[in-house]
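Q: Could we go through this model together, taking one feature at a time?

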Amino acid sequence: MQEFRLPDPGEGLTEAEIVSWRVRPGDSVAVNDVLLEVETAKSLVELPSPFEGTVEALLVEEGQTVEVGTPIIRVSGGDPDEVESGKPTEETVEADASGGAVLVGYGVRGGAETRRRKPRTVQDPPAPEPPTPAAPEPPVPAEPHDASGPVLAKPPVRKLAKDLGVDLRQVTATGPIGDVTRDDVQRAAQAPAAAQPAASARVAWSGGREERIPVKGVRRATALAMAQSAFTAPHVSVFTEVDATRTMELVKRLKASDAFAGVKVSPLLIMAKAILWAIERSPEVNSTFSPEELVVHRYVNLGIAAATPRGLLVPNIKDAQELSLVDLARAIEQLTLTAREGRTPPADMQHGTFTITNIGVFGMDTGTPILNPGESGIIALGAIRQKPWVVDGEVRPRWVTTVGGSFDHRAVDGDTISRFVADVASILEEPALLVE
Amino acid sequence: MTDAQPIRLLDEAGEAVVTAENEPWRAIADELSTDDRLAMHGEMLRTRRFDVEAGHLQRQGKLGLWVPSLGQEGAQVGAAWAARPQDTLFPSYREHLIALHRGVDMLQIIDIFRGAAHGGWSPTEVPGMRIYSLVIATHALHATGYAMGIGLDGASGTGDASADEAVMAFYGDGAASQGDASEGLVFAASYDAPIVFFVQNNKWAISVPSTRQSRFPLHERARGFGLAAAWVDGNDPLASFAVSRRMLDDARQGRPGYIEADTYRMGAHTTSDDPTRYRSRDEEEAWARRDPIARLAAHLRSLGVDDAALAEQEQRAADEAADMRRRALEATAAASDDIFDHVYAEPHPLVAEQKAALAAFEASFGSDA
């Protein structure tokens, strides 16, 4: 039985996301066969098998992010001599607070677990590997430690506690393995009296009272971009409801046509084309504002907001104004496919000039989207539903949607914005206007 | 004047390139027998297999880092064969073929990247092969200083190429942007130091293209510093040999030189790098067609070397890589004492204190450690 623990595929990385497995239980693998693909903060990498044998179990699901050192796959058989040589013995320890069962930098989670001896051979990477259950659990201990047992804390944290005069045994540990973190120490130092809640008995849901998710990667980038945009560009949002029945009919006809065979056609495509058409009539919405000058772009790098496994990404189609309808459809399909696979290259996300956010796919009617920084307009495509609509004095069921969007009021004023949104709406109402 | 083309003796298909301009270089390459050329091919294969296996070990958590040299074996094998036994070579951290050629054990290179050794080998054990320099371009200065020392010792400049010493410093287009690299050129030129700077322009300084950092060709830049300079097709092992041999022999006579080898880093900068984020698949495929190993293999076939000989080299390289893997997995961790023992030549109280502190820390794990 051999377990492969997630190695640090970069320099000093602590975790990685399991992107896809290339093997299944029952498969036989040879040394250096690719087992899986992981994504770290730095890159997508393939991990080759250190073992030969038969895959017994995949211990981590795709999409999960796990710490370095977590067992991710179990392989049986093969030549045990080859792979086991130099492998440290494993031992079972009681992972309670009663005695030295904790290595520096990592600790032991609840329950009896196996852990390895301190590495003495190249079989183990330099850092001690933390024992971790297959499925990540939220932090467990949220109480001050039993004063009689050792406290888990990394050396710099111990130093900080010492400097601040904080007794580590009295600190509520919130670290991922029940260790005391810097923040814990600082909190304890700032509020010595309030630092120890009475026994946290009211943990209604499993795990600790709070789950702490580090803000990094795409989340961090999104946070910075949204805050920057929201607090520098004065947003003005407008909406108009429109009868999109003819757009739906056009989509249906295009789907059936030979020219669009094999290409995904959706209302989003007509919306994209409508925006390109409307930008031509109101170029100021396709601009970048700075205090010195307003740069009006004579091209459209049309961004499409996409919810991806990595988070919100806004890849854009370069020079979208040059594309025919069918090429635009292909470009949108390619863009969203790549984004969903989590493979959008950074270049695709740079130099956007205008964005569409398709919140209709989530069933929303409209919203007040926040501008992508550096852009002056963003349009939200709402859900398209059948609604009662007055046509020639009679109420009829029609496909109705809301076209809404936000604009940078530094760059454009109400008249331009209204004309632009009305233009977009008019195309959804009568896509035949595109032929002019 | 800008060279229009790098010096080339074999084209991408391994066919001989015969022009009036490359005649002097062809004459030098003619020194290499077919057996020599076959041996060069063997070294490239051996390095490639070693390199790939080390990359796997890193992905399996056995190495902290790996620095692949894939694609640069052709430039390196030419330089390695051109250097004479009395020459001293200062590598960066990507010169695996150079190190192996000089007799460094594969595991000594591995030891650096698994964090078991700072240097890997002693230059006294592997004569003329200095240790890897992980700090970018510092060794351009070390090498230049060493070459100046050779000059002051009178160990070169006698006119006897078989005895006069020379130095070769290896670095890349990224390192060429470092101040140390330029200072090395200034001192080499000022002191007529017996040194050749062998710069592998592999096109990418991690994610920055060489065209951005080097607006003017590197070999032209070197001429501006007063060095003789040449531009060679780095994926042509024979051209690399001829140019290196000639420039090293010129350096022995007090004419320092600079070689820009036009090559390509086919792999990542290191295992921490993901090149798909900054360069195109098309570019990588275009360079894959210029693989120096395939080029020399084609040339060998044209010389009548049979496939069995090449297959045997392939097998030997694979066996050696597997053996390296086995030994790497069996290798023990370095004693932490080693970290301290080579900091100063003589005992130092601060180092002694740190050594004792680490020993106490490790002992605190008890018998479990």
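A: Let us begin at a glycine: G342(A), just after α7(A), takes a positive phi of about 75°, where helices (H or I, at least four residues) and strands (E, at least two) are DSSP runs numbered from the N terminus. This is a predicted model, in which local features need pLDDT of at least 70 and side-chain atom pairs count only at pLDDT 80 or more, while totals for chains, interfaces and linings use all residues. Residues are numbered from 1 along each chain as its sequence is written, and chains are lettered from A and ligands numbered from 1 in the order in which they are written.

Q: Which residues of α7(A) are buried?
A: An α-helix has 3.6 residues a turn, so residues three or four places apart point the same way. In α7(A), the buried residues (20 or more other C-beta atoms within 10 Å of their own, C-beta atoms being placed from the backbone) are L328(A), A329(A), A331(A), I332(A), L335(A), T336(A) and A339(A). They cover an arc of only 165° around the axis (taken from the directions from the helix axis to the C-beta atoms), which puts them on the same side of α7(A).

Q: In what order do the four strands of the open sheet in chain A lie?
A: Strands of a sheet pair through backbone hydrogen bonds, either parallel or antiparallel. Here the order is β5-β4-β2-β7 in chain A, with antiparallel pairing (two strands pair if DSSP finds at least two bridges between them). β5 (44–48) and β7 (65–67) of chain A stand at the edges with a single partner strand each, so one side of each is left without a neighbour in the sheet.

Technical notes
Buried ≥ 20, exposed ≤ 12 C-beta atoms within 10 Å, placed from the backbone.
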